[in-house]
Amino acid sequence: MDHFDKKDVIQAILIADNNVENFKPLSDNDSTALIPLVNVSMLDYALEALNRSGIEEVFVFASLHLQSVRDYIKKGIASLSSWSVNMKVTVIGGEGCRCFGDAMRELDSKALIRGNFVILGADTITNTDFRPIFEQHKKIAKYDKGAAATLIFKEAENHLRTGNEIMIAVDVQNNRLHHHQRLRLNGKEKDFEIPLEVFMNNSQVALYHNLIDPQMAIGSPSMLSLFSDNFDFETRDDFVKGILINEEILDSRIYVSLLPREQYARKVNNWLTYQIVSNDIISRWSYPLVPDMGVVGLKQQYIFLKNNIYRSPESNMSKVTLRENVVAGAGSFVGSGSTLGSSVLGRNVKIGQNCRLVNAFILDDAVVDDNCVLEFCVVGAKAKVGCKSKLTEGCVVGNECVLPANTTLSSAIVTAEVTEDDEECGDIKKLSDKAFIITHSDRNVANSEDEDDDEVLQEGNIVPKMMKLPISYEESDYCSSSDEDESRACSPMPDDTNIFLSEVVDSLSRGFQEKSNPDFLILEINSSRYAYNMSLKEVNFYVVKAIFSLPNIKECNGNVLADINAVFKQLGPVMSNYIKSEDAMLDCLKALEDIYDENPKVREKISQIVHFLYDKDFVSEEAILAWHEELDVEQHESLRKSLQKLIEWLQQSSEEEDDDDDDDEEESD
């Protein structure tokens with residue numbers, strides 16, 4: 001790995017113990033930096049991100065759970081975690097530190113930072129390469145001695161509010177920040193108030209209102225001293241506002257760097273972002289920080305299967321339905337008849353029979369008894385959920401809680417023990433000796449829209465919880481929404497099959513236009529097949545679907561049968577290579593079911609198209625009859641009706657052939 005200039009030891013600061021109130025009750029007993037995210041602590045993700053960028057010295061600043069963080073780092077170094085090989089990691093802290101500003105002042109007083117540095121929260125998940133941004137900041141600092149920091153932002157493709165969204169105004173010529181506003185969590189802004197001087201004093205200003213703030217920055221040495229000189233700087237937003245308002249007095253300026261599209265960065269500051277980032281990691285948007293790459297250990301911990309299924313070789317799952325985006329840790333067990341989707345099981349988790357888990361995050365050693373439904377919830381380590389329980393809509397069950405059987409909870413926070421703070425600030429309902437529902441009254445009152453306050457997650461605001469996201473956000477907030485009809489009965493294709501299908505469509509489209517040798521196209525398809533580990537059954541299905549997805553057929557404005565005939569004159573040998581056996585013919589006809597739903601032109605002529613495939617010997621009479629028999633009477637009523645005359649003709653033809661065979665046998669006798 002290439003490193004920074006060896007003359008300077010490049011340093012980084014990680015701030016732990018962030019957003020403690022938002023992660024209750026798991027944050028009551030341990031640092032938020034150590035909360036597992038897809039079975040790896042958030043602190044490990046941050047350290048590995050710095051390690052991959054060539055950082056050589058890291059200071060982890062902790063306050064509330066200082067000893068716990070120290071013990072964790074010592075354990076990581078002793079076990080040769082991947083980040084410990086090239087980086088020196090030191091844990092420091094101050095018991096009196098109550099905010100980000102106090103941490104920065106404490107670091108300044110210790111005089112540990114010797115030059116420009118990287119700073120981010122231990123709860124930031126990113127695969128960012130900090131090297132080019134660091135070099136960019138060094139160049140800026142050469143001609144602007146007052147450059148205090150370069151803030152790093154990521155462009156998002158949706159407008160889902162999680163508390164990390166901002167709007168900024170930037171000078172296009174030098175990326176200097178002139179306005180910064182954090183967007184409201186509750187409701188949308190009707191307008192933005194930007195000082196007129198921003199436009200009068202700068203010839204080119206760019207406004208960005210779709211940015212995520214992952215709380216990452218490159219800082220100059222002066223950044224720490226600015227916090228020491230201004231005790232009203234409590235948060236990073238205070239620092240930014242203070243610099244923008246008093247640029248001339250403080251002689252300091254802030255610059256901006258936007259991450260490229262292929263780099264991932266998200267701050268996990270509440271349970272909603274916990275859910276989003278977990279699914280993004282499982283869906284490989286944060287590559288190489290993905291489960292099967294061994295983020296902490298240097299050994300393979302999971303077997304990576306299709307549909308983003310990650311299973312430990314030591315997990316036990318027989319007769320279980322795994323839909324997609326599932327991680328099962330070592331020693332986990334799931335009983336027969338259970339269904340899992342978009343869920344994470346920690347080490348030694350036990351799930352009973354006939355359970356349904358959707359966006360459920362079960363931490364180490366937890367137990368879920370039979371016939372439970374868990375949706376959009378977190379179950380803490382060593383907790384137990386009784387049989388026939390139902391947890392939905394953002395429930396969080398703390399470590400070592402014991403929920404009795406038949407418990408039904410929605411949007412509840414459950415803790416095993418009641419603290420003095422809980423007694424003072426909230427209402428308490430006892431479920432068992434080790435399960436208490438805590439309702440904080442101040443969390444249920446949202447700020448009015450008229451309040452002039454940019455603090456998004458301050459006390460009094462509703463803390464975002466896990467929930468069913470809009471369809472356009474299900475895969476990731478870094479991908480665009482699907483163009484497919486979401487009302488279709490079949491489930492959406494996972495990423496690898498989507499990519500495979502698009503590559504086959506590209507190959508066949510180019511081959512049809514250029515009249516390429518079909519043998520070359522078959523080689524290309526086979527190459528894509530092995531690259532994405534597709535089964536032969538899947539290849540049969542998607543090759544047929546790809547042929548009917550070519551622009552000549554999909555965007556047909558005339559006679560679709562004539563266009564299909566023209567395509568098959570060129571690409572018929574490709575289809576014949578795959579559609580050979582009776583099973584392959586059934587795969588071909590099942591692909592037509594999808595095409596029937598998607599293409600109105602095909603829908604109108606489906607009977608003639610099947611007849612065409614029959615005449616060209618792509619499908620047999622037996623395959624057509626067997627396929628028609630399998631079609632669901634209610635779900636495929638329209639399709640069955642369209643095929644009725646063809647089926648009757650085939651059956652009649654089959655009966656006549658049987659009669660002829662009988663006559664031939666009689667004559668021979």
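This is a walk through the structure, stop by stop, with what to select and what you will find there.

**Before you start**

You're looking at a predicted model, where local features need pLDDT of at least 70 and side-chain atom pairs count only at pLDDT 80 or more, while totals for chains, interfaces and linings use all residues. Residues are numbered from 1 along each chain as its sequence is written, and side-chain values use heavy atoms, with hydrogens and water left out.

**The whole protein**

Start with everything in cartoon. There are 20 helices and 33 strands; these are DSSP runs numbered from the N terminus, with helices being H or I of at least four residues and strands being E of at least two. Of the 669 residues, 55% count as buried. Buried here means under 20% relative accessible area, exposed means over 50%, and partly exposed is in between, using a 1.4 Å probe and protein chains only. Switch on the surface and you have about 30,900 Å² of accessible area, 46% of it from carbon and sulfur atoms; the areas come from the Shrake-Rupley method with a 1.4 Å probe, and for residues only the protein chains shown count as cover.

A contact means heavy atoms within 4.5 Å. Among contacts with a separation of 6 or more, 58% are between residues 24 or more positions apart.

**Stop 1: strand β9**

Select residues 165-171. All 7 of the 7 residues in β9 are buried, so the strand is largely enclosed by the rest of the structure. In a regular strand the side chains alternate between the two faces of the sheet. Show the side chains here: Glu165, Met167, Ala169 and Asp171 point one way, while Ile166, Ile168 and Val170 point the other.

Now add the partners, remembering that two strands pair if DSSP finds at least two bridges between them. Strand β11 (residues 205-219) runs antiparallel to β9 and is joined to it by 6 bridges; Glu165 has Ile212 as its bridge partner there. Strand β10 (residues 177-182) is also antiparallel to β9, with 5 bridges, and Ile168 is partnered with His180. The β9-β10 pair makes a hairpin with 5 residues in between, and Asn175 in the turn has a positive phi of about 60°.

**Stop 2: the parallel sheet**

Next, pick out the open sheet of 6 strands, which pair in parallel in the order β16-β19-β22-β24-β26-β29. At the edges stand β16 (316-317) and β29 (402-403), each with a single partner strand, so one side of each has no neighbour in the sheet. Inside the order, β19 (residues 333-334) and β22 (residues 350-351) share 2 bridges, with Phe333 partnered to Lys350.

**Stop 3: the cysteines**

How many disulfides does the structure hold? The count is 0, taking a disulfide as a pair of cysteine sulfur atoms within 2.5 Å. Select Cys372: its sulfur is 4.9 Å from the closest cysteine sulfur, in Cys355, which is too far for a bond. Cys377 has Cys395 as the site of its closest cysteine sulfur, at 6.5 Å, also too far for a bond. Cys372 is buried at 0% relative accessible area, and Cys377 is buried at 0% too.

**Stop 4: salt bridges**

A salt bridge is a side-chain nitrogen of Lys or Arg within 4 Å of a carboxyl oxygen of Asp or Glu, and by that rule there are 25. Zoom in on Glu538 and Lys306, with N to O at 2.1 Å. This pair links distant parts of the chain, 232 residues apart: Glu538 sits in helix α13 (residues 536-548) and Lys306 in the loop between β14 (303-305) and β15 (309-311). Glu538 is buried at 13%, whereas Lys306 is partly exposed at 37%.

Stay on α13 for Lys545, whose salt bridge with Glu598 has its closest N and O atoms 3.1 Å apart. Glu598 lies in helix α16 (residues 582-598), 53 residues away from Lys545. Lys545 is buried at 3%, while Glu598 is partly exposed at 36%. Then select Arg182, Asp213, Arg236 and Asp237, which salt bridges with shared partners join into one network.

**Stop 5: a loop and a helix**

Ser516 sits in the loop between α11 (495-514) and α12 (518-531), and is buried at 19% relative accessible area. Beyond neighbours within four places in sequence, Ser516 contacts Arg510, Gly511, Leu521 and Gln570.

Finish on helix α19 (residues 621-630), where Glu621, Ala623, Ile624, Trp627 and His628 are buried. Look down the axis of α19: the buried residues fall within an arc of 165°, so they line one face of the helix. That arc is taken from the directions from the helix axis to the C-beta atoms.
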